[in-house]
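Me: I'd like a close look at how one pair of helices packs together. After that, please walk me on to a few other spots worth checking at the bench.

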Amino acid sequence: MTELFVGREEQLAELDAQWALGCAGSARLVLLTAEAGMGKSALVRAWAATLAPPAQVVIVAGEEDEQALEFALLERIMRTPVARDLDPFAAGARLLGWFGERSEAGPVALVVDDIQASDPSTARALLFALRRLDQDPIVALVATRPVPSGGPVAGLDRLCVDRGARITLGGLEATEVSALAGATGRGPLPPRAVERLRALTGGSPLHLRALLAELSTADLTDPRIELPAPRSFAMLVASSLSRLPETAQRLGRAVAVLGSDVDVASAATVAALDGDGAAAVQSLEQAGLLVAQQVTGGWSLRWAHPLVRSAILHDLGAGDRAALHRRAAGVTGGTDQLRHLAAATLGVDEVLAERLEAQAEVALAQHGLGAAAELLLAARRLSGNRDAAGTRLVKAVSILLLRGDVAAAQPFADALADLPETSESLRVRAQLAWMAGDAATARSLGQRAWDASEPHDIALRVGLASMLAQLEILAGRPKTAVAWSGRVLSTPSLSEAQRSAARTGLVLALTMTGRVDLALAQVADLPEDPAAVPLARHGELRARGFAKLIGDDIGGAVHDLLTVAALIGRDPAPERLLALAGAAEGEYRLGEWTAAIGHAEQAVSLGEDAEQMWLLVFVHFVPVLILAARGQWAQAEHHLARITEVARLIDDEASHAYRADARVHFDLCRNDPAAAVQHAQPIMQGPHAAPREPGVMRLPVNYTSALVSLGRLDEADRTLGELDARARETGRVSRLCALARVRGELAAARRDTPGARVAFEAALEMQGCADALEAGLVHLSFGRFRRRRGERRAATEQLTLGREVFERLGAVPWVERCDAELALAGMQTAKATASPLTALTPKEQLVAELVCRGRTNREVAEDLVLSVKTVGYHLGNVYTKLGVHSRTQLAAHPAMPAGRSQPI
């Protein structure tokens, strides 16, 4: 049915408001959600038609027939070929550049209809680009049907909260139903007829139009006549089709089989028409079923609404449908021909199944993952052999998981479980369970896959062991992870890539057990300069970086990890995101908080785009550390809420431990030791040792310090003994410094003055190896002790030193505590103020940092995957907030730290 639009004034007003904001230079996203038939396509096109030059309007729609074709929709947006093997992040970066180029000529309106029917790669690339638009004259209107939670549509929904609006389209109101009746030529309807129609159809424009076309006014107004229900829409379409000439009916059924954007000549051939089909096309257009569009070389046919095609297809008998698909195979070639042949086959055809499987291999070699999976699933249906069908299913699901399309793979979980258990089928089931968030099932299935595997199947065993080692680390069992990695390395005939992957897992596992020296020995042959490490060994470099981070070589860790993270722009693998988050943690420990918050927020943005839930807890962690220490409570709580949400979904030991670590740090920054103890106890009293491993988490020290604050001194003493013994065994000086400080607090609480003095002085001696915040805490605790002893001058000295540390970091809550102690010692200080840098957003801080290192706006945009306009906007804000007018003045501003790390 041709589009017809009435009403929707409220929705149009919202779209106009968002367009005004976009034209003013604030990129906007509007997510329009509606059930099928509610008129979302009519609304988006009606709104787009109101936009006049210099507005540039691009309208595209997702097509179910193209879901398996990587970047099919993106190519139509950009009107240029996109490589099938491109990563969605890299494709998103290209789309970002396209937005920037188009917006130079005027504001851009991108209208994407039926995003839920598009290929997943385009949806992810679109989300990636939209996240990075800011001060750009762009409005994206994305329309979708309701879809299950998760995936890019869920990401778009979250993005709307801060960057646009959500519109949920319901049924038409009574006045709009009357207007629709008038627009269809029916004329005014009595109020009773309008209410009957609205109640029956729920106000669905599609169903309303079908009824208005099918029934007379007398039928609509006669209460004795029962109106057909909306679910009978297919019957109404079939009825409309049946009243057309026989040639038009045949052409309509042929187009339904062929899909969308069908050329008339091919459709006429499939319909077995004698002529060119012009008269049949005209009949279908007049009935409102098809739309003909002139294209290069002829005419193309599109459905007025996808439900029309669905209705005609479902009305076809199996034999008629098979015959049409068979004829369609004669006018198509390649993969499309095989699809039609498969659809024409109602039974088993092993020869065709083999052809489909061979074509899937071709598609796979060309990085057409979606097409390969689709072909394998079709081959599975035609398989005459149960084992062959099972093998094809396992291959297809494995490819879907490689594509990152968990939603498409999940429906096959039961079918996979019904297959005879092989090492490969168990591996795929384990991977599916892991990616779906069920780590326990993944671990069990992975173990069974290993037991079923053959020693010579090296590639499978390496992949299994790597997965199981990572699952064991996340479960808080790093010793078991060491054993898995060791099994792989003991396997003969490993390729270099396999050996590197296994060694990476072993280094990480050894690090988590506290054996940092042994971990570093595994990668002793890596060049010390991380820039000289071959790309193929970046996994080992990342592992070395984390080992250094745990082993107190913080500067070396940051150097290694930022080198790995620097390639995110062209290889945004989750491991690189973890490296970026790890580098941010190192910068936090060094006191380079400007760089740390910028890198941490970038890791958050990229991590959310990656849609791999297991890493989100880690990337949101460092922002909590810095924002809470600076007293930016609302922003810290935002990240805490996301950590909590993800930890509950993933439900593994590592996620819960990091959630508790972040929460306890937040509690102590808020000066709430009771809450800190409450949040720490489930982890501290748990069975796993990793959270208490020196260098891994702050939680044990913070928990013990909170116990002292609450007067639970015996508990604190027992915990200190355990932690101190382990820290001495592993030689973690940074942890020993923090524990010495808490030992001093405990001794002071017990009125053991000599013991407290010895402990605090020991902490001062190790202070050079302590984390930046801890260095200030040592001075604060020692100063408090000396003030209570009446040593006012010595107390003032320590408290002033602590205040200087906290002030440099911008840690306002801790500055205020120093000031309170100094006041009690008789010293007056200026009111605590935040560093000028805390007035900058994390993105502004990172832009400022890069500009101070000599980067141009375009280079910064490339580094951070932002538009040049957005970088310019952020830089302008930096100038205003810091009171500078040039890059030179910015670099000389006292608030800008030189820093040792190099931002990406």
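Reply: Happy to. Axes here are lines fitted to C-alpha atoms, for helices over the stretch in contact, with angles running from 0 to 180 degrees between N-to-C directions. This is a predicted model, in which local features need pLDDT of at least 70 and side-chain atom pairs count only at pLDDT 80 or more, while totals for chains, interfaces and linings use all residues. Residues are numbered from 1 along each chain as its sequence is written, and side-chain values use heavy atoms, leaving out hydrogens and water.

The pair to start with is α12 (residues 246–258) and α16 (residues 318–329), whose axes come within 10 Å and cross at roughly 70 degrees. That angle makes α12 roughly perpendicular to α16 (65 to 115 degrees; under 35 would be roughly parallel, over 145 roughly antiparallel, and the rest oblique). Helices (H or I, at least four residues) and strands (E, at least two) are DSSP runs numbered from the N terminus. At the meeting point, α12 brings R253, A254, V257 and L258, and α16 offers L324, H325 and A328; contact means heavy atoms within 4.5 Å.

For another view of helix packing, turn to α7 (residues 174–183), where E176, V177, L180 and A181 are buried. These residues lie on the same side of α7, because they cover an arc of only 145 degrees around the axis, taken from the directions from the helix axis to the C-beta atoms. An α-helix has 3.6 residues a turn, so residues three or four places apart point the same way. Buried means under 20% relative accessible area, exposed over 50% and partly exposed in between (1.4 Å probe, protein chains only). The partners of this buried set are α1 (9–23), α8 (191–201) and α9 (205–214). Just after α7, G185 has a positive phi of about 90 degrees.

Helix α2 (residues 40–48) is mostly covered, with 7 of its 9 residues buried. Its cover includes α1 and several strands, among them β1 (28–34) and β2 (56–61). In the loop between α2 and β2 you will find P54, which is joined to P53 by a cis peptide bond with omega of about 10 degrees. Most residues other than glycine have a negative phi, and most peptide bonds are trans. F71, in the loop between β2 and α3 (72–78), has a positive phi near 60 degrees and is buried at 0% relative accessible area. H367 also has a positive phi, near 65 degrees, but this residue is partly exposed at 38%.

What about the cysteines? A search of the whole structure finds 0 disulfides, a disulfide being a pair of cysteine sulfur atoms within 2.5 Å. The sulfur of C160 is 18 Å from the closest cysteine sulfur, in C23, so it is too far for a bond. C769 has its closest cysteine sulfur in C737, and at 8.1 Å this is also too far for a bond. As for their surroundings, C160 is buried at 3% relative accessible area, whereas C769 is partly exposed at 44%.
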